[in-house]
Amino acid sequence: MNIYTDMADELFRPGRGTVPPGVQVRTASSGPIRLTRVQITRQGLARPAGRYSTLETPSLAALDRRDERLISAAAAELRAMLPTVGLVLVVGVGNRRVTVDALGPRTAAGVLVTRGLAADARADGLGLREVVCVSPGASGATGIPLAQLLAGLVRTLKPAAIVCVDSLCTSDPARLGRTIQISDTGLSPARPDSGRCITRAMLGVPVLAVGVPTLMEADECVEGAKGLILTCRQLDGVIRSGSELLSAAINKALQPSLSIAELCYLAN
């Protein structure tokens with residue numbers, strides 16, 4: 001079965017064939033949060049080799065920055081994939097003028113940027129990690145491909161890692177807007193011709209990807225609707241809440257010594 005999805009756990013789960021050799025899937029629940037970890041140890045499968053963590057909530061309303069348990073869970077998964085030291089470059093991928101594609105830029109707007117402050121903070125005993133953040137916008141508007149732009153930033157900043165935030169595609173309409181995926185495999189969209197493919201092999205530094213599914217192809221659930229894209233009715237709210245939650249989780253992952261309340265105050 002040909003499935004178009006960015007979500008690794010949708011490709012390797014009961015009901016969709018046997019899990020192939022080289023793939024491990026583990027699922028656990030903590031209160032309303034369902035956590036699935038997919039480990040792919042060989043190349044040549046539907047998704048690149050690496051680690052994928054998916055956090056799923058029971059409803060759209062649960063995807064909210066006020067849910068400290070979900071923020072902390074997402075931050076812990078992200079922190080486990082990051083180098084322990086060094087500057088981190090956060091990239092908001094997408095077009096802020098198109099709602100379904102605005103998750104990355106809006107998340108970037110809430111990231112706590114500390115470069116220039118980190119040295120003073122260390123002197124004051126706060127121990128802030130250096131963070132820089134960019135939101136390049138659509139390459140059609142800038143004329144610069146995303147990979148080329150980031151390559152220039154990597155040469156200048158020499159980050160320890162890059163965290164890319166982008167909208168994702170799901171094959172399950174029930175997961176729109178209520179699922180978070182974090183991976184250490186880079187930004188590798190399911191579409192092989194996507195201009196958003198950003199990997200460690202391209203840039204020479206670890207690339208992590210964080211996102212929320214905001215769209216799906218109609219082919220999976222609507223007969224005769226080939227080529228159509230589906231989103232949820234509450235899309236504006238999903239993008240707003242999802243971006244606030246992701247920025248809070250990224251801030252907590254990068255600055256674990258600060259509380260979520262402190263991080264939200266500083267970022268705002």
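A crossing of two helices is left-handed if the near helix is turned anticlockwise from the far one by less than a right angle, and right-handed if clockwise. The exercises below concern a predicted model, in which local features need pLDDT of at least 70, side-chain atom pairs count only at pLDDT 80 or more, and totals for chains, interfaces and linings use all residues. Residues are numbered from 1 along each chain as its sequence is written, and side-chain values use heavy atoms, with hydrogens and water left out.

**Exercise 1. The chain as a whole**

State how many helices and strands the chain has, and what share of its residues is buried.

Solution. Helices (H or I, at least four residues) and strands (E, at least two) are DSSP runs, numbered from the N terminus. On that basis the chain has nine helices and nine strands. Next, burial: buried means under 20% relative accessible area, exposed over 50%, and partly exposed in between (1.4 Å probe, protein chains only). Of the 268 residues in the chain, 48% are buried. Last, contacts, which mean heavy atoms within 4.5 Å. Taking contacts between residues at least 6 apart in sequence, 68% join residues at least 24 apart.

**Exercise 2. Helix α2 against helix α8**

Describe how α2 and α8 pack, and give the hand of their crossing.

Solution. Start with the geometry. Axes are lines fitted to C-alpha atoms, for helices over the stretch in contact, and angles run from 0 to 180 degrees between N-to-C directions. Helix α2 covers residues 68-81, and its axis lies 8 Å from that of α8, at an angle of about 55 degrees. This makes α2 oblique to α8, because angles under 35 degrees count as roughly parallel, over 145 as roughly antiparallel, 65 to 115 as roughly perpendicular and the rest as oblique. The crossing of the two helices is right-handed.

Then list the residues. From α2 come Leu70, Ile71, Ala74, Ala75, Leu78 and Arg79, which meet Leu245, Ala248, Ala249, Ile250, Lys252 and Ala253 of α8. By class, ten residues of this contact are nonpolar, none is polar and two are charged. Here Ala, Val, Leu, Ile, Met, Phe, Trp, Tyr, Cys and Pro count as nonpolar, Asp, Glu, Lys and Arg as charged, and the others, Gly among them, as polar.

**Exercise 3. Helix α8 against helix α9**

Work out how α8 and α9 are oriented to each other, and place asparagine 251.

Solution. Helix α9 spans residues 260-267; α8 and α9 pack at an angle of about 110 degrees, with axes 10 Å apart. The two are therefore roughly perpendicular. The crossing of α8 and α9 is right-handed. In this contact Ala248, Asn251 and Lys252 of α8 meet Ile260, Leu263, Cys264 and Ala267 of α9. The residues divide into five nonpolar, one polar and one charged.

Asparagine 251 belongs to α8. Its relative accessibility is 3%, so asparagine 251 counts as buried. Apart from neighbours within four places in sequence, asparagine 251 contacts Gly110, Val111, Leu112, Leu263 and Ala267.

**Exercise 4. Strand β7**

Explain why β7 is described as largely enclosed, and name the strands that pair with β7.

Solution. Strand β7 runs over residues 179-183; five of its five residues are buried, so the strand is largely enclosed by the rest of the structure. Thr179, Gln181 and Ser183 point one way from β7, while Ile180 and Ile182 point the other way.

For the pairing, two strands pair if DSSP finds at least two bridges between them. Strand β3 (residues 50-56) pairs with β7 in the antiparallel sense over five bridges, and threonine 54 stands opposite glutamine 181. Strand β8 (residues 207-217) also pairs with β7 in the antiparallel sense, over three bridges. In that pairing isoleucine 182 stands opposite valine 210.

**Exercise 5. Three loop residues**

Are lysine 158 and arginine 233 buried or exposed, and what are the contacts of asparagine 95?

Solution. Lysine 158 sits in the loop between α6 (146-157) and β6 (161-169). Its relative accessible area is 63%, so lysine 158 is exposed. The phi of lysine 158 is near 50 degrees, a positive value in a residue other than glycine.

Arginine 233 is in the loop between β9 (229-230) and α8 (235-254). Arginine 233 is exposed, at a relative accessible area of 86%.

Asparagine 95 lies in the loop between β4 (88-92) and α3 (103-108). At 22% relative accessibility, asparagine 95 is partly exposed. Not counting residues up to four places away in sequence, asparagine 95 touches Asp101, Ala102, Pro105, Ala138 and Arg196.
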